[in-house]
Amino acid sequence: MLSPRLLMLRSAASLTTRSLSTGAVLKQGKVLDMAQGHPPLHVSNVRNKLREIVGASTNWSDHQQALAERVSLLSLLAKSQNDLPAKRMKDSFIEVYLPLGSEPQLREKYLNFHNTVRFGRILEDLDSLAVLISYSHTYNSALKRSPLSIVTALVDKIDMRQHVIYPDCDIKFTGHVTWVGKSSIEAKMLMSQYHGGAYAPVLDATFVMVARDPENKRAAFVNPLTPDGPEEERLFQEGEANKSRRVELSTASLLKVAPTDDERKIVHSLFLNTLDTKTVSFRSRVLPPNSVWMEDAKMKGLEICHPEERNIFNRIFGGFLMRKAYELGWANACSYGGCRPSLVAVDDILFQKPVEIGSLLLLSSQVCYTQGRYIQVRVHSEVFDPLTQQHNTTNVFHYTFVSDCDVPNIIPKTYGESMLYLDGKRHFNQTVG
């Protein structure tokens, strides 16, 4: 196994195979050495480590007692962020190995029908790693258990650097905290795979985590972060910029404000292109050649949320939700394009509400924008309470796929579908444009 601890930088595209083979990260011609941190972990030990940190039981039957015990940790929470010692980026640096090459027995869980790695499983591993990175940042050696409940708030971005993930080659994850607020933490992670005699970048990911009290009801303070050197300062400032960008995008959401002038022209042009020239009627619509109505590009799924898929706080594991949403979105894109698509990016996955064990989880996937060979898919998840008949949105997922050939144009009919189209176009432009 590789042993050097080195700072993970923003863009995995800048990595060289030589730097990866030695465990180094190369950015703009400079290799930044990171001091000795946590020893490398086997991927199977990540969840066990998290259970140790919070004192979670491995038995579902003990979950109520474990929750009651965590309530007693309320008094250990900091009253102010100033009461907590500042941490450095190297304090949270973690290296995790998924030895698909050297441990063949692991492959069954990760292998798909096409003899590549199931990306949904990778999403699960990334989610667990982001939580562990955040707990490493807030680690207090004086406490036996952490009073914090750290959960995923947002998957800001996952960018693919290569489309093929080999099922018989070792994978390495590295990551650390790059920015913190009062109760929020940004964690950046890099995934690389050993192939052809060296490690090569596969993806880089940015997750935003939030810290809450032991009952997971209120926000809790986390340790401040002190950048060490110009490169760490740059990463920290990127985190600040990411926060500002998210606020700006939320403010400009089509659920809150009207489309821009250019966007309104796009919607009107789509409308005009579908009018029936024979009837000259607003209600008579004709589908243009090589096009598909948006209402005909959907897929739906249902999951019963069993205790097996719980996280360390006895709610449904966020990685499980991401895996199920991704697999439905992939199937939707595959059906739409007529061939197997490749993932380009995951963008802006917002965790609005936790999913309780026993919930009926409804997933709805929609192709909302296309351009050339690209397919933008939005997956909406909600829980349904059969007793109250109420639906509550829990997550919204955005995926960008690319097909081997050009795909049909997606065409909205209604105003609501037009807003989905514009929202999909915005996400696509952020990813590919």
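**Exercise 1. Is Ala187 buried or exposed, and what surrounds this residue?**

*Solution.* Ala187 has a relative accessibility of 0% and therefore counts as buried, the cut-off for that class being under 20%. The model used throughout these exercises is a predicted one. Next, place the residue in its element: Ala187 lies in strand E9, which covers residues 184–195. Then list its contacts beyond the four nearest places in sequence: Ala187 meets Ile133, His176, Val177, Ala205, Thr206 and Phe207. Finally, consider a distant pair: Ala187 and Ser403 are 216 residues apart along the chain, and their C-alpha atoms are separated by 30 Å.

**Exercise 2. Determine the length and the burial of helix H5.**

*Solution.* Helix H5 comprises residues 119–137. With 19 residues at 1.5 Å a residue, H5 should span 27 Å; the C-alpha atoms at its ends are 27 Å apart, so expectation and model agree. As to burial, 19 of the 19 residues of H5 are buried, and the helix is mostly covered.

**Exercise 3. Describe how helix H2 packs against H5.**

*Solution.* Begin with the geometry. H2, residues 46–54, packs on H5 at an angle of about 40°, and the two axes are 10 Å apart. Angles under 35 degrees would count as roughly parallel; H2 and H5 are therefore oblique to each other. The crossing in which H2 passes H5 is left-handed. The contact is formed by Val46, Arg47, Lys49, Leu50, Ile53 and Val54 on the H2 side and by Ser128, Leu129, Val131, Leu132 and Tyr135 on the H5 side. Sorted by class, the residues of this contact are eight nonpolar, one polar and two charged.

**Exercise 4. What is the relative orientation of H5 and H8, and which residues make their contact?**

*Solution.* The angle between H5 and H8 is about 155°, with the axes 8 Å apart. Because angles over 145 degrees fall in that class, H5 is roughly antiparallel to H8. The two helices cross in a right-handed sense. H5 contributes Phe119, Gly120, Arg121, Leu123, Glu124 and Asp127, and H8 contributes Gly318, Gly319, Phe320, Met322, Arg323 and Tyr326. The contact of H5 with H8 thus contains five nonpolar, three polar and four charged residues.

**Exercise 5. Examine H8 itself: its span, its burial and the residue that follows.**

*Solution.* H8 runs over residues 318–337 and has 20 residues; from first to last C-alpha it reaches 28 Å, close to the expected 28 Å. Of those 20 residues, 15 are buried, so H8 is largely enclosed by the rest of the structure. After the helix comes Gly338, with a positive phi near 80°.

**Exercise 6. How are H7 and H9 arranged?**

*Solution.* H7 (residues 261–273) and H9 (residues 415–431) pack at an angle of about 125°, and their axes are 11 Å apart. The helices are therefore oblique to each other. Their crossing is right-handed. Glu263, Ile266, Val267 and Leu270 of H7 meet Ser418, Met419, Tyr421, Leu422, Lys425 and Arg426 of H9. By class, this contact of H7 with H9 includes six nonpolar, one polar and three charged residues.

**Exercise 7. Which elements hold Asn115 and Asp348, and what sign does the phi of each residue have?**

*Solution.* The background is that most residues other than glycine have a negative phi. Asn115, in the loop between helix H4 (107–110) and H5, has a positive phi of about 60° although it is not a glycine. Asp348, in strand E13 (residues 342–351), likewise is not a glycine and has a positive phi, of about 55°. The relative accessible area of Asp348 is 29%, so this residue is partly exposed.

**Exercise 8. Assign Val379 and Asn82 to the classes buried or exposed, and locate each residue.**

*Solution.* Val379 belongs to strand E15, residues 374–385. With a relative accessible area of 0%, Val379 is buried. Beyond four places in sequence, Val379 touches residues including Ala325, Gly329, Leu363, Asn395 and Phe397. Val379 and Val367, twelve residues apart along the chain, have C-alpha atoms separated by 8.8 Å.

Asn82 is in the loop between helix H3 (63–71) and strand E6 (94–98). Its relative accessible area is 73%, so Asn82 is exposed, the cut-off being over 50%. Asn82 and Thr178 are 96 residues apart in sequence and 19 Å apart from C-alpha to C-alpha.

Note on methods: Residues numbered from 1 in each chain as written. Predicted model: local features only at pLDDT ≥ 70, side-chain atom pairs only at ≥ 80, totals over all residues. Heavy atoms only, no water. Axes fitted to C-alpha atoms, helices over the stretch in contact; angles between N-to-C directions. Helix = DSSP H or I, 4+ residues; strand = E, 2+ residues; numbered from the N terminus. Parallel < 35°, antiparallel > 145°, perpendicular 65-115°, else oblique. Left-handed = near helix turned anticlockwise from the far one by under 90°. Contact = heavy atoms within 4.5 Å. Nonpolar A, V, L, I, M, F, W, Y, C, P; charged D, E, K, R; others polar. Expected span 1.5 Å × (residues − 1). Buried < 20%, exposed > 50% of the residue type's maximum accessible area, 1.4 Å probe, protein only.
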